[in-house]
Amino acid sequence: MSAKAYRRLGMLGLHLAVIILLLPGIYYGLCLIRVYQVHRLTQERLHAEGVAPNTAAFLVTEGRGFNPGNLYWAVVYDCRETDVEITGIVPKARYWSMVPYDFHTLPLDSYLFDGNVVTEQDGRYTAYLTTRPKGRPNEIDVSAAPAGGLVIRISFPEDAAAANAAPSVRPIGRD
């Protein structure tokens, strides 16, 4: 092989190396664009339906990963200025959970499920979303994502009336 062929081969290798190094960044950029699109569409849908953050839970009946054996309640929260109080009933079901998700739809480390939620005699609970935990029962620390979405999942509910009762959501001031 001639020196000219080696130079061309070297330049080809350099170009391939640059492309390979740029691929993860391009992939991340495309994923980020998709996340922003989903966020924008979600905000438009919530605005069209009149749902404001920290005020309501709405039943989700379709979407990626939707399981018809489950009931899903969604809450859009924004704890940058206030905390959020959610009250409801933990219905008899195979599994119940309350999990907050960040802007990239990744679950946060702090959540409630039927094994750690503190309820009253009748199954009622009061949960708090906060960026400043105080040690209250059923407190969910959302400081990793002060604004996001929370999903209440009820798997294979035995009590349809309790499972279909929307939880109450309201902003509360910080002490």
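A salt bridge here is a side-chain nitrogen of Lys or Arg within 4 Å of a carboxyl oxygen of Asp or Glu. One such pair is Glu139 and Arg136, whose closest N and O atoms lie 2.8 Å apart. This is a predicted model, in which local features need pLDDT of at least 70 and side-chain atom pairs count only at pLDDT 80 or more, while totals for chains, interfaces and linings use all residues. Residues are numbered from 1 along each chain as its sequence is written, and side-chain values use heavy atoms, with hydrogens and water left out.

The structure has four salt bridges. Besides the Glu139 pair, Arg136 also meets the side chain of Asp83 (3.5 Å, N to O). That second pair ties together distant parts of the chain, with Asp83 in strand 3 and Arg136 in the loop between strand 6 and strand 7 (139-141), 53 residues apart. Strands are DSSP runs (E, at least two residues), numbered from the N terminus. Shared partners join Asp83, Arg136 and Glu139 into one network. As for burial, the cut-offs are under 20% relative accessible area for buried, over 50% for exposed, and partly exposed in between (1.4 Å probe, protein chains only). Asp83 is buried at 1% and Glu139 is buried at 15%, whereas Arg136, at 22%, is partly exposed. Another salt bridge brings Asp78 and Arg80 together (2.7 Å, N to O); Arg80 counts as exposed because its relative accessibility is 56%.

Now for the strands. Strand 8 (147-157) pairs with strand 2 in the antiparallel sense over nine bridges, pairing being called when DSSP finds at least two bridges between two strands. Strand 8 also runs antiparallel to strand 4, joined by eight bridges. On the strand 4 side, Ser97 stands opposite Arg153; Asn70, for its part, stands opposite Ser155. The side chains of Ser155 and Asn70 make a polar contact (2.9 Å), that is, a pair of N or O atoms within 3.5 Å, where within protein one must be able to donate a hydrogen and the other to accept it, and residues adjacent in sequence count only if both atoms are side-chain atoms. Ser155 counts as buried, at 10% relative accessibility.

The largest nonpolar core has 25 residues; such a core is a set of buried Ala, Val, Leu, Ile, Met, Phe, Trp, Tyr and Cys residues joined through side-chain atoms within 4.5 Å. Its largest share, four residues, comes from strand 2. Met98 is among the residues with the most contacts inside this core.
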